[in-house]
Amino acid sequence: MSGRTASLSPPAGAMPPVRHPEAPAPGELLGSHYDQCFGCGGAQPHGLHLEARAGEGVSLTAEFRVKAAHQGAPGLAHGGVLATALDETLGSLNWLLRVIAVTGRLETDFVRPVPVDTVLHLDAHVVAVHGRKIYSSATGRIGGPDGPVAVRATALFIEVKVDHFISHGRDAEIKAALADPDQQRVARAFEVNP
Ligand SMILES: CCCCCCCCCCCCCCCC(=O)SCCNC(=O)CCNC(=O)[C@H](O)C(C)(C)COP(=O)(O)OP(=O)(O)OC[C@H]1O[C@@H](n2cnc3c(N)ncnc32)[C@H](O)[C@@H]1OP(=O)(O)O
């Protein structure tokens, strides 16, 4: 046992999230943080190609169309893929804070099966921030942005520095990322965070 609390409820003293002054305006697409990302990268043929758009405050909406490559049971999305869509959506919120963070804990409710070719309409917001810990939640609906809930998640993200990826990532991908001007732009946007 680590002694670590598993709670996804913000502790006493947690603060409301503060939208970064240079966060994309409501309605703007956030874009991919890494083109090889399974969640949002355009260069992953079987990835989710999830597209997130900034909302008001520290919130966003996102869409993901379930493809045949994402099946678990015949004609239905795999639960792990749906959890990935939730993880990616929740992770995108940190761009509005201009904080680099990784998922520490993700709790998912699967409410309805999601058929192939369905568009999952996600919305997410940061609930609170406590030191390096970011508490957030997300909902995914089918049949339209106001359709029935299919999945829900709450999560705890932990702030890290760019060094987290440089120390732990495989050398080949880190070297390629560091040499990529688009990736440098993403990293720089985070580094200027005071
Ligand atoms: C060149 C490259 C450019 C890159 C440009 C940027 C790219 C931007 C990429 C973004 C990418 C996002 C992609 C989607 C989101 C993923 O999918 S991220 C991938 C999945 N997640 C991971 O791989 C994380 C693996 N875990 C770890 O690395 C480490 O455990 C962590 C999370 C960094 C924490 O380790 P640590 O920094 O040593 O922190 P630690 O002191 O243990 O904990 C800090 C606090 O958090 C709490 N905590 C930590 N883990 C947990 C947990 N699992 N449960 C509950 N509480 C926890 C601790 O209890 C502690 O609380 P307090 O004592 O402060 O109250």
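In this predicted model, nine bridges join strand E3 to strand E6, and the two strands run antiparallel. One pair along this stretch is easy to pick out: Val102 stands opposite Ile158 in E6. Strand E6 also pairs with strand E5, again in the antiparallel sense and over nine bridges. Here a useful landmark is Ser137, which stands opposite Thr154 in E6.

The pair formed by Val102 and Ile158 is a good starting point for a look at the ligand. There are 27 residues around the ligand, and Val102 and Ile158 are among those that come nearest, together with Gly91, Gly104 and Arg105. Several elements give two or more residues to this shell: strands E3 (101-110) and E6 (149-159), and helices H1 (79-97), H2 (163-168), H3 (171-179) and H4 (181-191). By residue type, the shell around the ligand divides into 15 nonpolar, six polar and six charged residues.

Helix H1 and strand E6 appear again in the largest nonpolar core, where they are among the elements that give two or more residues. The others are strands E1 (51-54), E2 (59-65), E4 (119-130) and E5 (133-141). H1 gives the most to this core, with nine residues. The core holds 39 residues, of which Ala85 and Leu120 touch the most other members. These two residues also touch each other, as Ala85 is one of the contacts of Leu120. Setting aside residues up to four places away in sequence, the other residues that Leu120 touches are Phe64, Val66, Val114, Gly140, Ile142 and Ala150.

Strand E4 is also the place of His125. This residue counts as partly exposed because 18 other C-beta atoms lie within 10 Å, whereas a buried residue needs 20 or more. Beyond its neighbours within four places in sequence, His125 is in contact with Val58, Ser59, Ser136 and Ser137. Ser137 is the residue already met opposite Thr154 in E6. A comparison of sequence and space can be made with Gly72: His125 and Gly72 are 53 residues apart in sequence, and their C-alpha atoms are 28 Å apart.

A record adds an annotation to this part of the chain. UniProt, in an unreviewed entry, places the feature "domain: Thioesterase" at residues 75-137. In the model, this span is 30% helix and 43% strand, and its end C-alpha atoms lie 27 Å apart.

Helix H4, one of the elements of the ligand shell, contains Ala189. Ala189 is partly exposed, as it has 15 C-beta neighbours inside 10 Å. Along the chain, 30 residues separate Ala189 from Glu159, and the distance between their C-alpha atoms is 15 Å.

Two loop residues deserve a look at their backbone angles. Most residues other than glycine have a negative phi. Arg98, in the loop between H1 and E3, has a positive phi near 60°. Asp117, in the loop between E3 and E4, is likewise not a glycine and has a positive phi of about 80°. How exposed are Arg98 and Asp117? Arg98 has 18 C-beta neighbours inside 10 Å and therefore counts as partly exposed. Asp117 has 11 other C-beta atoms within 10 Å; it is exposed because the cut-off for that class is 12 or fewer.

Terms used: Residues are numbered from 1 along each chain as its sequence is written. This is a predicted model: local features need pLDDT of at least 70, side-chain atom pairs count only at pLDDT 80 or more; totals for chains, interfaces and linings use all residues. A residue is near a molecule or strand if its C-beta atom, placed from the backbone, lies within 6 Å of it. Helices (H or I, at least four residues) and strands (E, at least two) are DSSP runs, numbered from the N terminus. Ala, Val, Leu, Ile, Met, Phe, Trp, Tyr, Cys and Pro count as nonpolar, Asp, Glu, Lys and Arg as charged, and the others, Gly among them, as polar. A nonpolar core is a set of buried Ala, Val, Leu, Ile, Met, Phe, Trp, Tyr and Cys residues joined through C-beta atoms within 7 Å. Two residues are in contact if their C-beta atoms, placed from the backbone, lie within 7 Å. Two strands pair if DSSP finds at least two bridges between them. UniProt positions are given in the numbering used here, feature names are shortened, and annotations may be inferred rather than shown by experiment.
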